[in-house]
Amino acid sequence: MNEPRARILLWLLAAACAASLPLSLMLGSVALDARAALDGLLAPGAATLPSAIVALRLPRAVTAIAVGGLLALSGALLQALLRNPLADPYVLGISGGGACAALLAIALGAGAFATHCAGVLGALAALAALFLLARRALFGAEQQSGESAASSILLVGVMMASLAAALLSLALSLAPTGRLRPMVFWLLGDLSGALDPAAAWFSLAVLVVCAWTGARDAAALNLMLRGDLQAFTQGVEVERVRRRLVIVASIATGWAVALAGAIGFVGFVAPHLARFALGNDQRLALPASVLIGATLLAAADLAARTVAAPAQLPVGVLTVMFGVPLFLWQLRRQ
Amino acid sequence: MQGLGLRAGQRDLVQGLSLAVAAGERWVVVGPNGAGKSSLLRALAGARSAQAGTIHIAGHAVDRCGVQQLAALRALVNDRWLDPFSATVLETVLTARYRFGPEGGARDAGLAALARMDCAGLAQRDVRGLSRGERQRVAIATALAQDTPLLLLDEPTSHQDPGHQAMVLDRLAAGRRQTVIAVLHDVNAAARFATHVLLLSGAGWWRAGPRAEVLTAEALSDLFATRIEVARAGHTEVFWVGL
């Protein structure tokens, strides 16, 4: 991949991501034209219909971008850290861990912020458990054959996802009927609860910080892909970089889960498309993954709002329906 | 290195190994399977801690060096490599330039290293589509591109055909600025390449010194517990396993 072409592609992706925002404001069960959307945007709080609609749609659109970017970042980092193109926070049960913790926090009567933090901690715990359980496959004899390492990580991840699903079902069956609906939200992955503009913009800031931290280590990650020993001899502080990136991936996943529940396969699909378009240099693939993930989820949420309007579909259902065939195709190709 | 000791589990691989490698020398480590040759290389590279003793490279104690500092002192060619995602050969070689940070001349250095290993034509190929021999030469080129005074090689010619084996060793020997420590299983290749030889038994004892003194039929017979004989062919000695 030559440098100028990669740069152009990245800018195009950024443009697509930015374009999803006005589109999300304009389209929906009530369509606004560009002028009305702009009026609504510039006069928040005015007692007009456009203002009210924009006030509903803007936080949701920003949240979609943030969540998509966070999930894609987490997926891209996990795929590189685990040296496995099938890794994804949803498949590996990290989203499930975050959702479990967030659900527990809700059950204990925690507020919104505490619930978000619980989601992050749950994701971190799930990821730590994954690395601990799959430690031998990953770093043990340094270089097991790629295939067996890949399958043992996936197996551990699938087990963790099952455990998380069981815990979620348990929580659902014990919960009082009145709380069921907000809890199902965590299972399906849904953006309809994202109405708080402050939380949305803050999440975008979380995305920027996480992506920036990850991108700083992209060159080192390029080396770690090719084996820990190799990276060490070439001058990478492997342990430190890995610890930092694992934490970034957990925060990204946990925050995304706390905002929108367990949305599946965005973290798998986006890095794949990024690699397909730009190759495997992480310095390009990481930012591209973030932009693609953000655009994808914004588009998916737009579809979720409009396809069956005025009814709204949970966006997680759409992403899984799109992601699973791609995942199976990739699995077959391996 | 001084009084070096290496263990694997309960087994003492190396005890009290002390030797000095001077700049520009080419050492070959010879020994039976599981004797600790690769472990020794990793200890020298600072990737594995020794149970006893100290290792200095160019006056720096390896266990006190930072990762970046070590990367400027030595490169290691492992005997296995991972390519989980596709990448071009040139991209793979350029990973070795990490220690220089962003720089202008990286591409030329990478291409020069590839040319030295007879891989110039492979630069734009996908590493995952290479034969094992080609991939191994790319790994050696990667270590060359790291541009270090010391080069550590773990069986660098295990996948090479006879022609490429000779080529790889001759070109490594031609870079006289670089000190080389290589593990080789082919005793004749070792005899051709080395200035000095370290025999590592895996049972604790070792012998080190100039090639002509150490690499003898008697010593090799002891080392491998097999009768090894030597014949002269012109100026070179040829070792073969006796019947």
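**View 1. Strand 9 of chain B and its bridges to strand 8.** Start with a single pair: B:Leu150 has B:Thr179 as its bridge partner in strand 9 of chain B. The next pair to look for is B:Leu151, whose bridge partner in strand 9 is B:Val180. Strand 8 and strand 9 of chain B run parallel and are joined by 5 bridges; two strands count as paired if DSSP finds at least two bridges between them. Helices (H or I, at least four residues) and strands (E, at least two) are DSSP runs, numbered from the N terminus. What you are looking at is a predicted model, in which local features need pLDDT of at least 70, side-chain atom pairs count only at pLDDT 80 or more, and totals for chains, interfaces and linings use all residues. Residues are numbered from 1 along each chain as its sequence is written, and chains are lettered from A and ligands numbered from 1 in the order in which they are written.

**View 2. Strand 9 of chain B, covered on both sides.** Strand 9 spans residues 179-183 of chain B, and 5 of its 5 residues are buried (20 or more other C-beta atoms within 10 Å of a residue's own; exposed means 12 or fewer, partly exposed in between, with C-beta atoms placed from the backbone). B:Thr179, B:Ile181 and B:Val183 point one way, B:Val180 and B:Ala182 point the other, and all are buried. Strand 3 (residues 26-30) of chain B also pairs with strand 9, in the parallel sense and over 4 bridges. Find B:Val28 and you'll see B:Ala182 of strand 9 opposite.

**View 3. Strand 10 of chain B and the hairpin after it.** Strand 10 (residues 196-200) of chain B is mostly covered too, with 5 of its 5 residues buried. B:His196, B:Leu198 and B:Leu200 sit on one side and B:Val197 and B:Leu199 on the other. Strand 3 of chain B pairs with strand 10 in the parallel sense over 4 bridges, and B:Val30 has B:Leu199 as its bridge partner there. Strand 11 of chain B, by contrast, runs antiparallel to strand 10, and 5 bridges join the two. B:Val197 stands opposite B:Gly209 of strand 11. The hairpin of strands 10 and 11 has 5 residues between the strands, and B:Gly202 takes a positive phi near 85° in it.

**View 4. The sheet of chain B, pulled back a little.** Put the pairs together and you get an open sheet of 6 strands in chain B, in the order 7-8-9-3-10-11, with mixed pairing. Strand 7 and strand 11 (206-210) are the edges, each pairing on one side only. From one strand to the next, the twist averages 15°.

**View 5. Helix 5 of chain B and what covers it.** Helix 5 (residues 132-145) has 14 residues and reaches 20 Å from its first C-alpha to its last, close to the 20 Å expected at 1.5 Å a residue; the expected span is 1.5 Å times one less than the number of residues. Because 11 of its 14 residues are buried, helix 5 of chain B is largely enclosed by the rest of the structure. Among the buried ones are B:Val138, B:Ile140 and B:Leu144, along with B:Glu134 and B:Arg137. The cover includes strand 7 (74-77), helix 3 (89-94), helix 4 (106-116), strand 8 (150-154) and helix 6 (162-174) of chain B. Just after helix 5, B:Asp147 takes a positive phi of about 60°.

**View 6. Helix 3 of chain A, end to end.** Over to chain A: helix 3 (residues 49-81) has 33 residues and reaches 48 Å from its first C-alpha to its last, close to the 48 Å expected. Most of helix 3 of chain A is covered, with 28 of its 33 residues buried. Just past this helix, A:Arg83 takes a positive phi of about 50°.

**View 7. A:Ala107 and its partners.** A:Ala107 belongs to helix 4 (residues 94-107) of chain A. Because A:Ala107 has 14 C-beta neighbours inside 10 Å, this residue counts as partly exposed. Leaving out residues up to four places away in sequence, A:Ala107 touches A:Ala171 and A:Ala175 (contact means C-beta atoms, placed from the backbone, within 7 Å). A:Ala107 and A:Ala175 are 68 residues apart in sequence and 7.6 Å apart in space, C-alpha to C-alpha.

Note on methods. Two residues are in contact if their C-beta atoms, placed from the backbone, lie within 7 Å. Axes are lines fitted to C-alpha atoms, for helices over the stretch in contact, and angles run from 0 to 180 degrees between N-to-C directions.
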